[in-house]
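Trainee: I would like to learn how to read a fold from its coordinates. Can we go through one together?

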Amino acid sequence: AKSIYDNQNRLIVKGILTLDVADRISLAKLMIQDPVTSFGINTNINPVLRYDGTIASFSPDDKFIAAIKGNKALVFNLETSQQVVEFGHKYSLTSVVFSPDGKLLATGFGDDYHGGARVFNLETFQQIVEFDHIGNVYSVAFSPDGKYLATGCKDGNARIFNLESRQQIREFRHGWGSCDVYCVAFSPDGKLLATASGYDSIARESELVTLIDLQNRLQIDKFDNGYGEVFSVAFSPDSEFLATGCYDNKARIFNLSTKKETASYDYGEYVAWSPIGSYLATSGKGKTQIINTSTGTQHYLYDVEGVPVFSPDGRFLAIGDAIYRTFITVEGA
């Protein structure tokens with residue numbers, strides 16, 4: 001089936017091969033016309049699960065997911081699909097993420113004038129801290145060691161909080177504070193924080209992607225490519241590359257050593273790296289795809305759009321309210 005798929009453009013189609021890719025062991029149904037020289041391919045990619053809310057995060061052990069529904073953060077058991085807990089907020093939520101050890105859940109929420117980030121204990125289901133912000137908190141992210149929480153806010157600032165002392169330890173201003181910080185992401189090695197932001201209407205310039213050295217707590221690099229607002233950023237598993245999702249519907253990959261763009265892909269407003277292998281999910285304009293970044297090959301194209309979220313083992317991809325099975329395993333593709 002893989003050989004047929006890889007050579008579609010060379011085939012003289014005399015029949016149809018239908019693959020059910022929602023099943024881990026593909027079920028092939030052959031409808032043969034005579035004479036048989038080859039098969040066309042019809043792939044039906046269907047979600048394996050749907051939930052009442054936009055899926056935002058998988059727990060590190062792959063047992064739970066967190067979803068957003070209006071002003072509520074919902075946690076579901078993946079095995080039973082039953083809701084475990086619900087955390088209500090006064091304002092609409094924009095971001096939900098599990099801590100690296102799975103014991104905490106952080107949320108980002110707000111409107112144009114009020115906002116904040118909250119952290120909940122998933123063993124007691126109690127809120128343990130809230131960090132107030134001026135305006136909507138678009139993104140929250142735990143550091144790989146779970147000691148810090150980063151936030152990206154509508155007020156043009158990215159902030160880092162110490163979860164033990166429950167104090168802000170650093171604030172990074174973007175432009176004159178008038179460009180929204182849409183996304184924050186820690187590198188897997190814990191050395192860098194990347195932020196994605198929009199156009200600075202006061203300074204009339206943009207600082208679209210910023211890299212922050214976490215050891216020295218200093219902004220060290222900026223990528224301003226004039227492509228428009230950047231909505232998402234994601235590090236590769238080895239922390240050597242950074243992917244960006246942009247307003248112009250292009251996903252771009254940058255080599256962090258050379259600071260050069262190495263590749264770009266369509267359907268690219270939002271990006272997510274698989275924790276397994278060299279696979280990148282990009283989403284925009286009604287489509288979501290999985291790209292092998294080492295070869296540039298498109299493996300799957302889904303007719304849905306949303307912020308893509310990989311499960312920690314790479315086997316599942318959440319898009320919007322649904323979970324799809326991928327071809328990625330710990331052994332590779």
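Mentor: What follows goes from the overall make-up to sheets, single residues, the core and the cysteines.

Mentor: This is a predicted model, in which local features need pLDDT of at least 70 and side-chain atom pairs count only at pLDDT 80 or more, while totals for chains, interfaces and linings use all residues. Residues are numbered from 1 along each chain as its sequence is written, and side-chain values use heavy atoms, with hydrogens and water left out.

Trainee: How many helices and strands are there in the protein?

Mentor: Helices (H or I, at least four residues) and strands (E, at least two) are DSSP runs, numbered from the N terminus. Here the protein has 1 helix and 33 strands.

Trainee: What share of the residues is buried?

Mentor: Buried means under 20% relative accessible area, exposed over 50%, and partly exposed in between, with a 1.4 Å probe and protein chains only. Of the 333 residues in the protein, 50% are buried. A contact is a pair of heavy atoms within 4.5 Å. Among contacts with a separation of 6 or more, 38% are between residues 24 or more positions apart.

Trainee: How do I read a sheet, and which strands stand at the edges?

Mentor: Two strands pair if DSSP finds at least two bridges between them. One open sheet has 4 strands in the order 13-14-15-16, with antiparallel pairing. Its edges are strand 13 (137–142) and strand 16 (167–173); each has a single partner strand, so one side of each is left without a neighbour in the sheet. Direction ignored, neighbouring strands of this sheet are turned by 20 degrees against each other on average; the axes behind that angle are lines fitted to C-alpha atoms, and angles run from 0 to 180 degrees between N-to-C directions. Strand 15 (residues 157–162) is joined to strand 16 by 6 bridges, and Ile160 faces Arg170 in strand 16.

Trainee: Where is Ser143 placed, and is it buried or exposed?

Mentor: Ser143 sits in the loop between strand 13 and strand 14 (148–153). With a relative accessible area of 4%, Ser143 is buried. A polar contact is a pair of N or O atoms within 3.5 Å; within protein, one must be able to donate a hydrogen and the other to accept it, and residues adjacent in sequence count only if both atoms are side-chain atoms. The Ser143 side chain reaches the backbone nitrogen of Lys147 at 3.3 Å. Apart from neighbours within four places in sequence, Ser143 contacts Pro100, Tyr148 and Phe186.

Trainee: Which residues have the most contacts inside the largest nonpolar core?

Mentor: A nonpolar core is a set of buried Ala, Val, Leu, Ile, Met, Phe, Trp, Tyr and Cys residues joined through side-chain atoms within 4.5 Å. The largest has 16 residues, and those with the most contacts inside it are Val209, Leu211, Val230, Val233, Phe235, Leu242 and Leu256. At least two core residues come from each of strand 17 (181–186), strand 18 (192–197), strand 21 (209–213), strand 23 (230–235) and strand 24 (241–246). Beyond four places in sequence, Phe235 touches residues including Phe186, Leu211 and Trp273.

Trainee: How many disulfides does the count give?

Mentor: A disulfide is a pair of cysteine sulfur atoms within 2.5 Å. The count by this rule is 0 disulfides. Cys183 counts as buried at 12% relative accessibility, and Cys246 is buried with a relative accessible area of 2%.
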